[in-house]
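Me: Could you take a close look at the nonpolar core of this one for me? Once that's clear, carry on to the parts you'd look at next.

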Amino acid sequence: KGESGSQGPGESRRMSADDIKVRLEALGQSHLFEGLSQDQEKALLAQAAELHSQLPGGLDAYVASAKKLLQNASEGINPFSSFNPSVPDGEALVTGTPAFLSMEAEGLKHVAASGFVLVAGGLGERLGYNGIKVSLPLYEAERQRSFIELYIQHILTLQRKSGASSPLPLAIMTSDDTHDLTAVLLKENKNFGMAEGQVTLMKQNKVPAMMDSSARFAAKGGVIETKPHGHGDVHTLMLQSGTVRRWQDQGIKWVVFFQDTNGIIFRALPAVLGVSASHSFDINSVCVPRTPGEAVGGICRLEQRDGSRTVTVNVEYNQLDPLLRSTEAFSSGDVADPATGHSPFPGNINCLVFATKRYLETLE
């Protein structure tokens, strides 16, 4: 099992205490030093230097982004207001149909060149479980089997079925809350059958918490208060830990991201890989049929109105209907397609397949 902390690009941004203090003051963070003893200030500056080294673009980029997001939120600005939505390209597959079986057969050719990334930074509190979510029992009557065991057994089965010449790698993003518990769970169960070195753990760093809309950092007792960041940190970690570069060098052509309590996604995965390969998709979002107005994000193709940029992204459900209604093509909003009874914008389940080469190029 590997582990990543602040290594990688952040190392080149380490700053002296004097430099980091000047930087904080320039970023509007002078309040952090009020009433501090010399020792407290020294400790705070060391903490700030560490945070600066860990964040993509350092504290400067973090504060600039926070200010923009906070201003947009306070002014009610829709981040998609300059885009025109349309239905994204893709395949609508039904299990057992000839189209599904064809894509599944194609995808099986690509399984041996796939790596897997599990986003597992959360606890099971909201599910009424006192522990990390990946250790959540699969069944009430079979409590010794957990989600992490299920995922690993799926990957090992795909490894055997595909005839892979080397182990299919698994990277797991953890957090302060889950890292040690995940490491112990894997060690006690001998990686649930995976080989030594087949599993990489990447620990997610925390980020400064904001105290107001001016993006001033919250602090208490000479310590900058921090909070967990979003799931998007997994991409920073994949780059900083060297994992995606190592995988590409090992011949991994597809990177599959999945969530910590989605137990059935692997049943569809070969077909999903078939779609990615057949369409040469750089990114493929796995979706489910979605009822209009349902509280789940929808995958949309968005084109900048000046034609300068086109992206296919998830739009949260509370932003989707207003966005659609603002256009002539979808003036009725998020309504059902009469042919299917579902929204033409499928539901996002946070399972993604990336083409490794383009993924690494983009991260770098």
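Reply: Here's the core, followed by a few side chains and two helix pairs.

Some ground rules: this is a predicted model, so local features need pLDDT of at least 70 and side-chain atom pairs count only at pLDDT 80 or more, while totals for chains, interfaces and linings use all residues. Residues are numbered from 1 along each chain as its sequence is written, and side-chain values use heavy atoms, with hydrogens and water left out.

By a nonpolar core I mean a set of buried Ala, Val, Leu, Ile, Met, Phe, Trp, Tyr and Cys residues joined through side-chain atoms within 4.5 Å. Buried is under 20% relative accessible area, exposed is over 50%, and partly exposed is in between (1.4 Å probe, protein chains only). Helices (H or I, at least four residues) and strands (E, at least two) are DSSP runs, numbered from the N terminus.

The largest nonpolar core has 35 residues, and Phe-116, Leu-118, Ile-148, Leu-170, Ile-172 and Phe-266 have the most contacts inside it. Among the elements giving it two or more residues are strand 2 (114–119), helix 5 (147–162), strand 5 (170–174), helix 6 (179–188) and helix 9 (265–279). Helix 5 supplies the largest share, seven residues.

Now zoom in on Ile-172. Contact here means heavy atoms within 4.5 Å. Leaving aside neighbours within four places in sequence, Ile-172 is in contact with Leu-118, Ala-120, Ile-148, Leu-186, Val-199, Thr-200, Leu-201 and Met-202. Apart from this core lies another, of 19 residues, with Leu-59, Tyr-62, Val-63 and Ala-66 among them.

Two polar side chains come next. A polar contact is a pair of N or O atoms within 3.5 Å; within protein, one must be able to donate a hydrogen and the other to accept it, and residues adjacent in sequence count only if both atoms are side-chain atoms. His-179 is in helix 6 and counts as buried at 5% relative accessibility; its side chain makes a polar contact of 2.7 Å with that of Thr-174. Ser-276, in helix 9, is buried at 0%. The side chains of Ser-276 and Asn-284 are joined by a polar contact of 3.0 Å, and Ser-276 also touches Trp-254, Phe-281 and Val-353, not counting residues up to four places away in sequence.

On to the helix pairs. Axes are lines fitted to C-alpha atoms, for helices over the stretch in contact, and angles run from 0 to 180 degrees between N-to-C directions. Angles under 35 degrees count as roughly parallel, over 145 as roughly antiparallel, 65 to 115 as roughly perpendicular and the rest as oblique.

The axes of helix 2 (residues 38–54) and helix 3 (residues 58–74) come within 7 Å and cross at roughly 80°, so helix 2 and helix 3 are roughly perpendicular. Helix 2 brings Ala-48, Leu-51 and His-52 to the contact, and helix 3 brings Gly-58, Leu-59 and Asp-60.

For helix 7 (residues 233–240) and helix 11 (residues 356–363), the axes come within 10 Å and cross at roughly 90°, so helix 7 is roughly perpendicular to helix 11. His-235, Met-238 and Leu-239 of helix 7 meet Tyr-359, Leu-360 and Leu-363 of helix 11.
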